[in-house]
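Welcome! Take a moment to look over the sequence and the 3D view, and then we can walk through them together.

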Amino acid sequence: MNALSKLPMENSGPALKPAVSAARPLTFSGKVGLFMPSAAPAHDLAVLFVSPWGLEELCVHKFWRVLADALSANGVASLRFDYSGTGDALDIADGAVSGLALWENDIVEAAAQLRTLSGCKTVAVVSQGLGSMLALRVLERLDDVAGLACLAPVTSGRAYLRELQIWSRMVDEGLGIPEKDRIRDQVSIAGLRMPEDIAADIRKVVVSGTATRYAFVACRPDRPGDRELAEALRRDGADVLEINYAGYDAFISNPLISVMPESIGERLVSWVSGLRGPQPASEDRVSSMTNLPSELRGPDFRELPVTFGNSGRLYGVLCQPLGERKGATIIILGTAYDRHAGWGRSGVEMARRLAGEGIASLRFDAANVGDSPPVPGGPEQILYSPSQLDDVAAALDFLENVELLPAVICGRCSGSYLGFRSVVAEERLKGAVIANPYAFQWDPALDVDVVIHSAPRQLHEYRTRMLKLETFRRLVKGEVDVVGAATNMVRAVARRLKRYLLPVLNRFSGSGSLHSQIVGEFQALQDRDAAIGLIYSEDDVGLVHLAEHFGEGGRGLSRYANVRMTILPDADHNLTPVAAREAYLRAVRDMAVLKN
């Protein structure tokens, strides 16, 4: 994934470069935000980011951070935040404002916070997807808005929900989630559920134009409503910059392989910078974050958004029980490029439920993931990179400083790989729960980008899919990449042979082989009494790599008394179904209690 900040701007605009300042967390009315101050002489303009919802928000989250960094470097402060009941915000309380009005009020309140923190009276709004619909509906309540940017705007609520339903089914099918575990009783995607009253209100909404001086509309070629909105804004008197949203599909399809739309970011920062007025921000109001953030409090937990590491380079949330603390503190690792809230908000759910049982936790974004900026000079592709061990070490330093050790660590997929490498490297970690690890030691001969784009399924999964009527219909229609599927099937057969041959061949491998290193690390962890919980979905490709070192089904792990292995039926790689999440949570809780 290319770093947006490395690209030059158009000749007529400012350079898109990272900010010098660090984002500052804040809380307000049960919500969490990140304020990015201006790192250059500030003018009377600040930007409010208004997010989409669901899987689209998960993909856009890092893009907002990159844009905030670039705007800061160009003298524009900004604020990004989570709606009530999403991300790190508190769940929606009984008796709260109902329906879409709740999220609309969140936007109005966030704009007021931005003005207070930045000292700016004038605001520009940058929105995407459902966020554009919300921004259009509340713009008149925000006062003194210099301009509105709508990226891939939702203009028809009914059409949006219908498209979201189709998208949700595609995600479930792609993950291989059994029909019985798919959410069908409410609007949902990727394990995220939209409150029913909000969905009911969205279904009724159709938006057109609104009064604004300047507008920026990024239109998708196959969505006539995007251009109709641009025309409506012109009729309402706006000066509209309308551009093609190049790369939209590659951007919002999957956070793991999402490609940020660099050209859109460049044009947007240039457009926002052109909105700045001649008046500077009020200097007596810019320093008003001295006592922020305050804690968020739930029924049995308290949470504090924190920054830590050198110059506060990493961002996360510390969650602690309201009552007596028990057990070890859990470090909850993210997966791939998912933000720390987790796939399907699983990181938030895990942290708060653990706190209900007296267990503290820290969930955070590694460098160049979500809200944590990259390390200058660090690798562009950080997945499976040794550099991430520094991030875990910084998390342990933080926990040590606040007297929350001992600690154990947990993660899934690439997060489980980092968890295993961390427990090997860090004696301050007393154990690890790792779910669906692709490998235990990354083979430097493998290209990470190639693997994450083409990691094939197990052989019997192809066999099952070939027998499905729907697969046959797609084959007839030419919707299946026959060559690619055949290639992956050949690879699956090769892996199956390799699975049986490697345990035999490994007996003759030298002391410097990858196999001997992994076996040695498991032995060292046993000698250190560091507990390891291994969790695999029953069809996960990681089982192939496990078998290469410990035999079919990991039977060779029986020699390690510190290792406990669990196979989850009907679970996808992301542990999306409720039963899979519960099993993962139980394993983490048991580990925390064991290593008190």
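How many nonpolar, polar and charged residues does the lining of the second largest pocket have? The lining has 21 nonpolar, 14 polar and 15 charged residues. Keep in mind as you read on that this is a predicted model.

## The second largest pocket

This pocket holds about 1,000 Å³ of space, and 50 residues line it. If you would like to find its centre, look for G191, L192, R193, G344 and R345, which are the lining residues nearest to that point.

Several elements from along the chain contribute to the lining. At least two residues each come from the helices α1 (55-73), α4 (157-175), α9 (346-356) and α18 (578-594), and also from the strands β7 (188-189) and β8 (192-193). Helix α9 gives the most, with four residues.

## The chain as a whole

Stepping back, you will find 18 helices and 19 strands in the chain. Of its 596 residues, 56% count as buried.

Contacts also reach across the sequence: among those between residues at least 6 apart, 74% join residues at least 24 apart.

## An open sheet of eight strands

Now look for an open sheet made by eight strands, which run in the order β1-β2-β4-β3-β5-β6-β9-β10 with mixed pairing. At its edges are β1 (24-28) and β10 (239-244), each of which pairs on one side only. On average, neighbouring strands of this sheet are turned by 20° against each other, direction ignored. In general, the strands of a sheet pair through backbone hydrogen bonds, either parallel or antiparallel.

One pair to pick out is β3 (residues 46-50) with β5 (residues 123-128): they pair in the parallel sense over five bridges. Within this pair, F49 has V126 in β5 as its bridge partner. Helix α1, which you met at the pocket lining, packs on the sheet and touches β2 (31-36), β3, β4 (77-81), β5 and β6 (145-151). The direction of α1 makes about 175° with that of β3.

## A covered helix

Is helix α17 (residues 542-550) mostly covered or mostly open? Helix α17 is mostly covered, as nine of its nine residues are buried.

The buried residues of α17 are G542, L543, V544, H545, L546, A547, E548, H549 and F550. They include the charged-class residue E548. Just after the helix comes G551, where phi is positive, near 85°.

Terms used. Residues numbered from 1 in each chain as written. Predicted model: local features only at pLDDT ≥ 70, side-chain atom pairs only at ≥ 80, totals over all residues. Heavy atoms only, no water. 1 Å grid on protein atoms, 1.4 Å probe; cavity = no way out; pocket = protein on both sides within 12 Å on 5 of 7 lines; lining within 4 Å. Points joined across faces, edges and corners; volume = space filled by probe spheres on them. Pairing = 2+ DSSP bridges. Axes fitted to C-alpha atoms, helices over the stretch in contact; angles between N-to-C directions. Contact = heavy atoms within 4.5 Å. Buried < 20%, exposed > 50% of the residue type's maximum accessible area, 1.4 Å probe, protein only.
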